[in-house]
Structure formats: C-alpha cells, structure tokens
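Student: I should like to learn how the features of a protein model are read, one at a time. May we begin with the structure in view?

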Amino acid sequence: MKLAYWMYAGPAHIGTLRIASSFKNVHAIMHAPLGDDYFNVMRSMLERERDFTPVTASVVDRNVLARGSQEKVVNNITRKDAEEHPDLIVLTPTCTSSILQEDLQNFVERAQLEAKGDVMLADVNHYRVNELQAADRTLHQIVQFYIEKARKKGELPEGKTAKPSVNIIGISTLGFHNQHDCTELKRLMADLGIEVNAVIPEGASVHELKNLPRAWFNLCPYRELGLMAARYLEAEFGMPYVDITPMGVVETARSIRKIQQIVNAQGTDVDYEDFINEQTLHVSQAAWFSRSIDCQNLTGKKAVVFGDNTHAAAMTKILAREMGIHVVWAGTYCKYDADWFREQVSEYCDEVIITDDHGQIGDAIARVEPAAIFGTQMERHVGKRLNIPCGVIAAPIHIQNFPIGYKPFMGYEGTNQIADLVYNSFTLGMEDHLLEIFGGHDTKEVITKGISAEYDLNWTKDGLAELNKIPGFVRGKVKRNTEKFARERGIKDITVEVLYAAKEAVGA
C-alpha cells in the first residue's frame, strides 16, 4: 500500500455523489466515517453553489461499530425523506462501509417501506473502481431504475419526437467546464435543427428519465461519463449514440457528420457540409489562426499532454494536427481505458504514458523539457517548479478552472478558447528577451529539488550562486544538464567547478 497525497481521480463515492447531486431533488445519504463528507465543501466552493449540497453523512463511529449501522442508516433515510421530500434517495457506500460487510441493500428495502420517495443503493465496488468509473456506473443504474419502473407501470412513451432530437448525456457537477460545454452543445444542436430532448444528469429530474427513448440519438461528449447509460439505451431501445468529442475543428466536423448520418438513417435528408464550412471559416478563428504568423512561431515547438482520456486525446490531436506543435508524449490517468487512448493518440505523439503516479509524470516532463505543458492542476504545479508554462485542460482542477465568464472547450466557440489557451501557454521569444533587457524581473531563486521524492544531489552555496547568474529562460535546462552530468559520475555535491565541467561536457 502506498500513501497518496495527490490523486487524479477521487474514490468511488465521490463519483456517485457527483451524479446524485447533479439531478434535481435527489438526496444522497453517505454511509461513511467523519471526514469523508468533504464533497459538500468541495462542491460548494468550486461550483460557487448558493444552495446546500443535497448530501448527508450517516457517520460511522464507535457506537455504530459496536451496535451495527442498520437502525441509524434507516432512520437517516426516513428522516431526510420526511424533511426534504426528495424524488430519490441514493444510499452511497464508501470503502469504510464496505469493510463492515453490512447488507446495505437490506437497509434500502427497510427504508423503502416507510419512505414516500424512491430509495436505491449505489451498487459500486469501492475497491475496484475510481470516481469516474463509479459516476458512469451510478448514472447508468439510475437511468435503468426509472426506465424499468416506467415499464412496469406501463408509462413508457411510445415513438420518437416529431423532429430530430438528442439526449446529451454526461454533463455533471464538478466536471471540467461542463456547464459551458453544455451551453455550446445546445447552441450547436439548435443550429443543426435538432431539439434537445434531455440533458442528464445535471439539472434533470428523475421523472424525465422515462422520456429518454423518445430522442433520435444520444450524444456522449465525455468518454468517462455517460457511455454506460448510452449503451444501455442502445441495447434496450436500439438508440444510436455519438461518442466523438466535438473538440477542435476536425473532431467537431467529424462529430457533426456522424450526427448527419444517424438522423438521415431515420428518415430525414439533411446536409451539414455548408454549415461546417461556414463555421470553420468564419465562426471558428482556429483555422485562420493556425495559418497566421503567430501560430507559425509555435510550429515544431515541443509540448506534452496529460489528463483524462477525453481532453488529453482531443488536445493531442489539436496540437499535432491543427497547430503543427510537436507532442513529445501524451498521457492519461484513466488506466482502465488505456487501449482506447493509445489507439486515439499513437499517431500524433512520440510516446504514450499511462499512469496515475504524479511523480512519474513530473519526471517525464523534466526529462523532455517541453516548451509548454497541457495537463491538470498537478502538472501546473510541476511546471511552476521547472519554470515551464502550463495550460490546464482537464480535471483535477482548481477554482480558477470554474470561470464565471463563458469558456467552453467544445463546439466552434470552444476552438477559439483552445487556440487562445495554447498560444498564451507558450513563453514567447519576445517575452524572454524583455525579461533580459529589464533586469530585476527575474528574481526567483532557483529551485534545487527534483520532481521525484528520491533526490540525491546537493548544490553547494557557490554552485547555487553561479547557477542564479544564468538567464532564467535557460537556467532550468542548465540545472538539469548539470545534475545529469553529476549523477553519471557519482558526484553528490554540485560545486561551481562541477557546473563548469558540465557546461564544457555539453559544449555550452
């Protein structure tokens, strides 16, 4: 077992709580020890929520361990049912409750006898899946629950909507720019003459779920969340789904062409090619920008990409295919879906890295010394230590990645936002030049610690003083070359003489 002080994807119960709190009038009862309810604080702070998060902790304490949890959990469920009158209460287990090996399904059945609303158990294996997998599973479970409930009551509507329509599946609380992406996708669908039948789970009522089969198709913009529900609807009702993420000019056009193919197969005759051309040439500035002198200055520059599957794969394609930037390596922390990621990005980068070890990623960044990083907040911290700029493109994220202004990553407006992010993430030549002209701007002390925990070198006072005299924009590279030189020769203390010897060895 390894102590983790940074996790790219949280534990399973966080995923379940994200889904439950995304729906309207759904309450979650979390069976957990005190402290595991940090989700409430995290959501209210990051999403700037005005309302209380609909999550209650049924705390596992020493009294519960002595007597058992059933009475306490059932009482908490029935109390919240009476106080809040939710449509659904989701009992959310955690690793701790799983250790106790209690029959939580029995707790749910007991509570359902008294509760007026629905009660269900989030059936997720907390030892085998992470936040993203649990969220996908929980959404699928809730959709299936209400589809089967409507079927038993004979309330499933028959037939499709009169006009082409879509369900957008996977928009949730605490998702990376999810609200902005949702607005942009709705606009895109309206431009294509497609009605939005439902958006789930964010802002949806569970009573609307029985109407999902009325849509002509499902759109799953995120690889991590929504595919299980879409595949269930396809198996039950023959509903096709589009899982091409509309990020970047090329993939947005490919997604639209897939939609065209699906709606035409169901009796319409639409042609979106003129729309694609108009948007690509005049609404999206990315295509124009990629041919401009500004973007040409980025051609061949080295970058690395890391994040969840959706955003890391899309960003790798945009950088390599649309902007001519050299992606040295691309990586994801979604190890459970590694084959898909490799298949998507292998032709657009030199190397593929699959890991959830932030230390390994930090070392990989230091090894290749890219001109820019596109990753999560962790890679942003790594970039600050190595003096390499970073654009944040995926969760885990900070409050600054929940902008008040409109910043989608998807659709044609998303292409503009991404072009700005890419361009502004690189440290441009004139910026370095001005730093050198106006001495005094570069006042940061050099950081002498490596990214890995196993750091074996010591910079002496005279060596560090000499290193600080080197211009900031090349100092990091000189430092790393010197440390490599010292390690190869078994030198533990880096003096000014070692620094000079290293510079001579590389012809500096």
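Student: Where is Glu369 found?

Tutor: The model is a predicted one. Glu369 is found in the loop that lies between α16 (358-368) and β12 (372-375). Its phi is positive, about 50 degrees, although Glu369 is not a glycine.

Student: Which value does phi take at Asn25?

Tutor: Phi of Asn25 is near 55 degrees, a positive value in a residue other than glycine. Asn25 belongs to the loop between α1 (12-22) and β1. With a relative accessible area of 39%, Asn25 is partly exposed, because values from 20% to 50% fall between buried and exposed.

Student: Phe23 is found in the loop between α1 and β1. Is Phe23 buried or exposed?

Tutor: The cut-off for a buried residue is a relative accessible area under 20%. Phe23 has 3% relative accessibility, so Phe23 counts as buried.

Student: Which residues is Phe23 in contact with, leaving aside its neighbours within four places in sequence?

Tutor: The contacts of Phe23 are with Leu139, Ile142, Pro201, Ala204, Ser205, Val206 and Leu209. Ser205 is 182 residues away from Phe23 along the chain, yet their C-alpha atoms are separated by 5.9 Å.

Student: Pro201 appears among those contacts. Which residue does a cis peptide bond join to Pro201?

Tutor: To recognise a cis peptide bond, one looks at omega. The bond between Ile200 and Pro201 is cis, with omega about 0 degrees, and Pro201 has its place in strand β6. A cis peptide bond also joins Ala395 and Pro396, where omega is about 5 degrees. Pro396 is found in the loop between β13 (390-392) and α18 (411-425).

Student: Let us turn to the sheets. In what order do the strands β2, β1, β3 and β4 stand in their open sheet?

Tutor: A sheet is read strand by strand, from one edge to the other. Here the order is β2-β1-β3-β4, and the pairing is parallel. β2 and β4 (118-121) are at the edges; each has a single partner strand, so one side of each is left without a neighbour in the sheet. From one strand to the next, the twist averages 20 degrees. Helix α7 (residues 131-153) packs on this sheet and touches β3 and β4, and its direction makes about 135 degrees with that of β4.

Student: How many of the residues of β1 are buried?

Tutor: Strand β1 (residues 26-32) is mostly covered, with 7 of its 7 residues buried. Val26, Ala28, Met30 and Ala32 point one way from the strand, while His27, Ile29 and His31 point the other way.

Student: How many bridges join β1 to β3, and how many join β1 to β2?

Tutor: There are 5 bridges between β1 and strand β3 (residues 88-92), and the two run parallel. In that pairing, His27 stands opposite Ile89. There are also 5 bridges between β1 and strand β2 (residues 55-59), likewise running parallel. On that side, Ala28 stands opposite Val55, and Ile29 has Thr56 as its bridge partner. Together, β1, helix α2 (residues 38-46) and β2 make a right-handed β-α-β unit.

Student: Which strands form the open sheet that contains β5?

Tutor: This sheet has 4 strands in the order β6-β5-β7-β8, with parallel pairing. Its edge strands are β6 (195-201) and β8 (241-242), each of which pairs on one side only. Strand β5 (residues 165-171) is joined to strand β7 (residues 217-219) by 3 bridges, and Ile168 has Leu219 in β7 as its bridge partner. Helix α8 (residues 178-191) packs on the sheet, touching β5, β6 and β7, and its direction makes about 170 degrees with that of β5.

Student: At what angle do helices α14 and α15 pack?

Tutor: For a pair of helices, one reads the angle and the distance between the axes. Helix α14 (residues 309-322) and helix α15 (residues 338-345) pack at about 10 degrees, and their axes are 9 Å apart. That angle makes α14 roughly parallel to α15. From α14, the contact is made by Asn309, Ala312, Ala313, Thr316 and Lys317, and from α15 by Trp340, Phe341, Gln344 and Val345. By class, this contact has 5 nonpolar, 3 polar and 1 charged residues.

Terms used: Residues numbered from 1 in each chain as written. Predicted model: local features only at pLDDT ≥ 70, side-chain atom pairs only at ≥ 80, totals over all residues. Heavy atoms only, no water. Axes fitted to C-alpha atoms, helices over the stretch in contact; angles between N-to-C directions. Parallel < 35°, antiparallel > 145°, perpendicular 65-115°, else oblique. Contact = heavy atoms within 4.5 Å. Nonpolar A, V, L, I, M, F, W, Y, C, P; charged D, E, K, R; others polar. Buried < 20%, exposed > 50% of the residue type's maximum accessible area, 1.4 Å probe, protein only. Pairing = 2+ DSSP bridges. Right-handed = clockwise from strand over helix to strand, strands pointing away.
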